[in-house]
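Q: Please take a close look at the surroundings of the ligand. Which residues and elements form the shell around ligand 1, and where does ligand 1 sit?

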Amino acid sequence: MSTKPTLDELFENRMNYPDFEPQARLARLVGLDEQKQRLTKVLGLLVNSAGLSEWAKKFHPGSEALLETVLRRPPLVVMAGDVGSGKTELAETIGDAVARQEKIAITLFPLSLSTRGQGRVGEMTQLISAAFDYTIEEAQKLKSREGSSRGAVILLVDEADALAQSRENAQMHHEDRAGVNAFIRGIDRIANAQLPAAVIMCTNRLNALDPAVRRRAAEVLTFNRPNEEQRRYILTRRLGSLKIPPSILEALVKETGPREGNVPGFTFSDLSQRLIPSIVLDAYPTHAVDPRRAVQIAHLMDPTPPFQDHVS
Ligand SMILES: Nc1ncnc2c1ncn2[C@@H]1O[C@H](COP(=O)(O)OP(=O)(O)O)[C@@H](O)[C@H]1O
Ligand SMILES: [Mg+2]
C-alpha cells in the first residue's frame with residue numbers, strides 16, 4: 001500500500017454523536033466522573049469556542065486578550081494509564097456528552113495504532129498524516145465564520161504507545177521519530193487554522209510521553225485501576241441479582257484487590273470481561289452460581305500485569 005488510504009479504509013468505524021448507544025456506554029463507566037467532567041469541558045471548548053465567548057460577554061466584557069490565551073490551547077488531550085482502565089471506552093463515548101453540551105453534531109474518527117501501521121517502513125507516518133488530512137478536511141467544512149460551528153470532529157489516536165515514546169530515547173528508530181513528527185505537525189495545523197476539531201491520544205506509557213507531545217496537550221488525564229470502593233460498586237451492580245450474601249461480596253472485593261508481593265489489583269476489564277463471565281460460565285448450564293466458588297475463582301485468577309515501561 002503505497003498510495004494514501006481512503007477515508008473508509010482509514011476510519012471504518014466512524015461514530016456520530018449525539019446517539020443513544022454511546023450515551024448508554026458512557027453512563028456505564030464507573031469511577032471516571034472527574035475525567036468525564038474535565039474531558040467534556042476541555043473538548044467542548046476546543047471544538048466549539050463560541051461558548052466561552054458567550055460566557056465572557058456575560059461575566060467579563062472586554063476580556064478578548066484573556067480569551068485568546070484560553071482558546072489558543074493546542075487541540076490535544078492525552079489519556080494515559082494501565083491497560084483495561086477505560087481509556088478507549090471513554091474516548092469512544094465522550095463525544096456524546098460534548099455534542100449534547102454544545103448542541104452540535106460531532107463525528108469521531110477512530111484510529112488504533114496497534115492494529116495499523118505495523119507494516120513496512122514509513123507506513124505509520126503515512127497513516128498519521130492521512131488521518132490528520134481527513135480530520136482537517138472535514139473540520140474545514142464545519143467551520144463557520146461567525147459564532148458557533150456547525151459541527152466538529154474528534155480524531156482518536158488509540159494505542160499510541162509508539163508515538164508517545166520520547167524522542168529523547170536514543171534507541172528510537174528514525175521511522176518512529178517521523179511518526180511523532182507527523183503527529184505534532186498535525187496538531188499544529190489544527191491549532192493554527194482554529195478548526196472545530198480536537199485530538200485524543202491514548203497511551204499506556206505516561207512516563208515515556210514525548211516532551212513535544214506533552215507540551216501540546218491541553219490536558220493529560222491519568223487512569224488507574226479501580227480502588228476498593230469502585231470494585232465494590234462494579235461487583236455489587238453486576239452480581240447483585242444473584243443474591244450473593246454481603247460477606248461473600250466483601251470477600252470478592254478483597255480477592256480482586258492488590259496482593260502480597262506487590263501484585264496490583266484487578267483492572268476494570270479484569271472484573272467485567274474475565275472474572276464475572278468466568279463465575280457465570282462456571283455454573284452454566286447445570287446449576288446456580290455458588291457464592292463460595294465465585295471467591296475461589298477470583299482467588300485463582302491473576303490480574304493483568306502492569307504495563308512494562310522499558311524506557312526509563
Ligand atoms: N471505569 C470503568 N467502568 C466500568 N467498566 C470499565 C471501566 N473501564 C473499563 N471497563 C471495562 O473494561 C473494558 C476495557 O476497557 P478499555 O476502555 O478498552 O481499556 P483501555 O483502553 O484503558 O485499555 C471496557 O469495555 C469496559 O467493559
Ligand atoms: Mg484501549
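A: The following account describes the site of ligand 1. This is a predicted model, in which local features need pLDDT of at least 70 and side-chain atom pairs count only at pLDDT 80 or more, while totals for chains, interfaces and linings use all residues. Residues are numbered from 1 along each chain as its sequence is written, and side-chain values use heavy atoms, with hydrogens and water left out.

Ligand 1 has 16 residues around it (a heavy atom within 4 Å), and those that come nearest are Val30, Gly84, Lys87, Thr88 and Glu89. Polar contacts (pairs of N or O atoms within 3.5 Å) include one in which a backbone N or O atom of Val30 lies 2.8 Å from a nitrogen atom of the ligand. A polar side-chain atom of Lys87 is 2.8 Å from an oxygen atom of ligand 1, and a polar backbone atom of Glu89 is 2.8 Å from an oxygen atom of ligand 1. Of the 560 Å² of accessible area that ligand 1 has on its own, the protein covers 84% (Shrake-Rupley method, 1.4 Å probe).

Two helices (DSSP runs of H or I, at least four residues) each give two or more residues to the shell: H6 (87-102) and H13 (268-283). Helix H13 gives the most, with four residues. The shell draws at least three residues from each of domain 1 (7-223) and domain 2 (228-300), with bounds from an automatic or database domain assignment.

By class, the shell has five nonpolar, seven polar and four charged residues, where Asp, Glu, Lys and Arg count as charged and Gly is among the polar ones.

Note on methods:
Chains lettered and ligands numbered in written order. Polar contact = N/O pair within 3.5 Å; in protein donor to acceptor, adjacent residues only side chain to side chain.
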